[in-house]
Number of protein chains: 2
Amino acid sequence: MTPELPHSSPQPLRADARDNRDRLLEAARAVFSQEGLTVPTREIARRAGVGPATLYRHFPTKEELVTAAFADQLRACQDIVDRASADPDPWRGLCQVIENICELHARDRGFTEAFLSAYPRAITVVTGRDRILATIADLARRAKLTGHLRPDFEPDDLVLMLLANKGIQLPSPTAQLAASRRFAALLIQAITHCPHNTPLPPAVHLATNRPRPTG
Amino acid sequence: MTPELPHSSPQPLRADARDNRDRLLEAARAVFSQEGLTVPTREIARRAGVGPATLYRHFPTKEELVTAAFADQLRACQDIVDRASADPDPWRGLCQVIENICELHARDRGFTEAFLSAYPRAITVVTGRDRILATIADLARRAKLTGHLRPDFEPDDLVLMLLANKGIQLPSPTAQLAASRRFAALLIQAITHCPHNTPLPPAVHLATNRPRPTG
DNA sequence: GGTTAAACGGACGGGGGCGTCCGTTAGCGT
DNA sequence: ACGCTAACGGACGCCCCCGTCCGTTTAACC
């Protein structure tokens with residue numbers, strides 16, 4: 001729509017513009033982390049010390065702001081998964097993934113929301129997510145071979161865990177962190193292979209991108 | 001504020017008023033179950049075939065409508081817990097509670113939201129919830145004695161599970177039900193006593209009524 | 001220092017949700 | 001049948017949020 005595309009950097013921004021853009025991203029990361037994605041864009045503009053129009057000039061829509069703000073987090077998540085995937089013990093790697101991702105959510109509330117397709121059209125997030133999930137699926141496949149991961153575990157269970165972890169929302173950051181840690185430990189226990197563990201009901205195929213929740 | 005208190009029934013309502021009130025409650029239950037508590041009050045009034053003013057005359061605030069609509073569900077939940085608590089095998093009873101409550105949420109999205117203090121000031125919900133949680137705590141205590149429930153389980157873990165279960169939201173009702181069932185099975189696995197299960201990180205005390213989430 | 005255009009931000013429009021007002025309707029008692 | 005009043009509902013005010021417009025500021029270049 002707008003003839004100018006400042007986020008693609010086809011030409012260098014003016015000094016103040018670049019400065020404002022950086023402050024906006026910084027404020028967005030901070031606020032989204034603490035409050036989640038529901039926080040109004042005005043609040044971010046206010047904390048960045050700019051007017052609303054400036055925010056929308058740099059990020060034409062809230063979705064693009066979210067995507068840009070969580071690009072780093074997405075890379076961090078990818079790193080977590082890649083590093084865990086490189087672990088010689090795939091079961092230990094999978095456990096680390098669960099613990100780290102639960103903790104990531106506890107510290108950064110907005111990220112999980114973004115990751116779980118609050119904005120399905122954010123291609124960066126979606127493609128990144130699919131790569132991450134594919135990596136984890138392979139990790140799980142190898143973890144089963146070690147005999148530590150129960151055989152009826154399915155990759156979609158991990159999405160289930162993410163969704164569930166998203167539901168854990170507490171007012172105090174420390175409580176949030178403690179709760180997510182304990183929850184992660186419970187999840188690991190749940191998927192541990194045990195001679196006398198009862199069979200699970202059928203898994204659900206979760207196409208995370210598909211849904212059009214409301215309207 | 002209003003001199004008339006139609007919900008306390010100090011005097012009989014007129015026939016049409018009583019009829020409208022019933023249809024409002026029915027519509028509220030149906031819509032809240034399917035869509036959750038975020039659905040606008042207008043929608044409920046529309047489905048009940050009345051104007052917005054009529055809704056607000058019977059239920060001065062959305063919170064009171066929610067409370068009234070879920071009074072039955074709360075009793076149903078209480079029944080589930082009471083029946084499970086009367087089971088001679090407390091471990092089986094606890095498992096049934098988890099399965100039934102997860103399924104309850106799957107079928108009725110609004111209830112879990114209401115139960116988990118989306119409206120902290122709804123006294124009916126809060127007191128009912130506290131009674132339910134107390135019953136479950138006692139059930140868990142007895143289940144530990146059987147040796148099937150892991151000793152480091154704490155009653156607050158159940159609130160954690162409820163919060164987590166709330167996070168599982170899928171567009172399709174059948175998928176929602178399947179997901180909640182599988183999740184419940186995983187949770188039961190997680191709290192099953194097993195000789196070589198790893199110790200859990202410290203529990204969190206969750207004062208469910210306390211938080212003032214946003215604003 | 002002056003010119004130019006990029007960048008800014010206050011003010012605006014649009015949409016949606018909650019709760020209320022007041023003129024109108026219709027149930028109930030006689 | 002008739003009047004009284006409870007009950008109704010369309011229209012309204014208020015608030016919040018997203019995204020835009022236009023007059024003003026200011027960085028960049030000569």
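## Polar links between the domains of chain A

Across the interface of domain 1 of chain A and domain 2 of chain A, the rule finds 1 salt bridge. The side chains of Arg29(A) and Asp72(A) form a salt bridge, with an N to O distance of 3.6 Å. Across the interface of these two domains there are also 6 residue pairs in polar contact, both residues of each pair being at pLDDT 80 or more. The structure described here is a predicted model.

On the side of domain 1 of chain A that touches domain 2 of chain A, α1 and α4 (62–69) of chain A are the elements that give two or more residues. The residues of that side divide into 4 nonpolar, 4 polar and 4 charged.

## Extent of the domain interface

The domain assignment of chain A places domain 1 at 12–68 and domain 2 at 71–191. Taken over C-alpha atoms, the centres of domain 1 and domain 2 of chain A are 27 Å apart. In this arrangement, 12 residues of domain 1 of chain A are in contact with 14 residues of domain 2 of chain A.

The size of an interface is often given as the accessible area lost when the parts come together. Domain 1 and domain 2 of chain A bury about 1000 Å² between them, and 54% of this area is on carbon and sulfur atoms. Of the area that domain 1 of chain A buries against domain 2 of chain A, 52% is supplied by Leu37(A), Glu63(A) and Thr67(A), more than by any other three residues.

## Protein surface near DNA strand C

DNA strand C is surrounded by 23 residues, and the closest are Arg14(A), Asn20(A), Ala15(B), Thr41(B) and Arg42(B). By class, this surface has 8 nonpolar, 7 polar and 8 charged residues.

Both chains supply helices to the surface near DNA strand C: α1 (15–35) and α3 (52–58) of chain A, and α1 (15–35), α2 (41–48) and α3 (52–58) of chain B, each give at least two residues. The largest share, 4 residues, comes from α3(A).

## Contacts with the DNA backbone

Of the atoms of DNA strand C within 4 Å of the protein, 62% belong to sugar or phosphate, and the rest belong to bases.

Three side chains may be named for their distances to phosphate oxygens of DNA strand C. In chain A, an N or O atom in the side chain of Thr54(A) is 3.0 Å from a phosphate oxygen of the strand, and an N or O atom in the side chain of Arg57(A) is 3.1 Å from a phosphate oxygen. In chain B, a polar side-chain atom of Thr61(B) lies 3.0 Å from a phosphate oxygen of DNA strand C.

Definitions and conventions:
Residues are numbered from 1 along each chain as its sequence is written. Chains are lettered from A and ligands numbered from 1 in the order in which they are written. This is a predicted model: local features need pLDDT of at least 70, side-chain atom pairs count only at pLDDT 80 or more; totals for chains, interfaces and linings use all residues. Side-chain values use heavy atoms; hydrogens and water are left out. A residue is near a molecule or strand if one of its heavy atoms lies within 4 Å of it. A polar contact is a pair of N or O atoms within 3.5 Å; within protein, one must be able to donate a hydrogen and the other to accept it, and residues adjacent in sequence count only if both atoms are side-chain atoms. Ala, Val, Leu, Ile, Met, Phe, Trp, Tyr, Cys and Pro count as nonpolar, Asp, Glu, Lys and Arg as charged, and the others, Gly among them, as polar. Domain bounds come from an automatic or database domain assignment. Contact means heavy atoms within 4.5 Å. Buried area is the accessible area (1.4 Å probe) that two parts lose on being put together, summed over both. A salt bridge is a side-chain nitrogen of Lys or Arg within 4 Å of a carboxyl oxygen of Asp or Glu.
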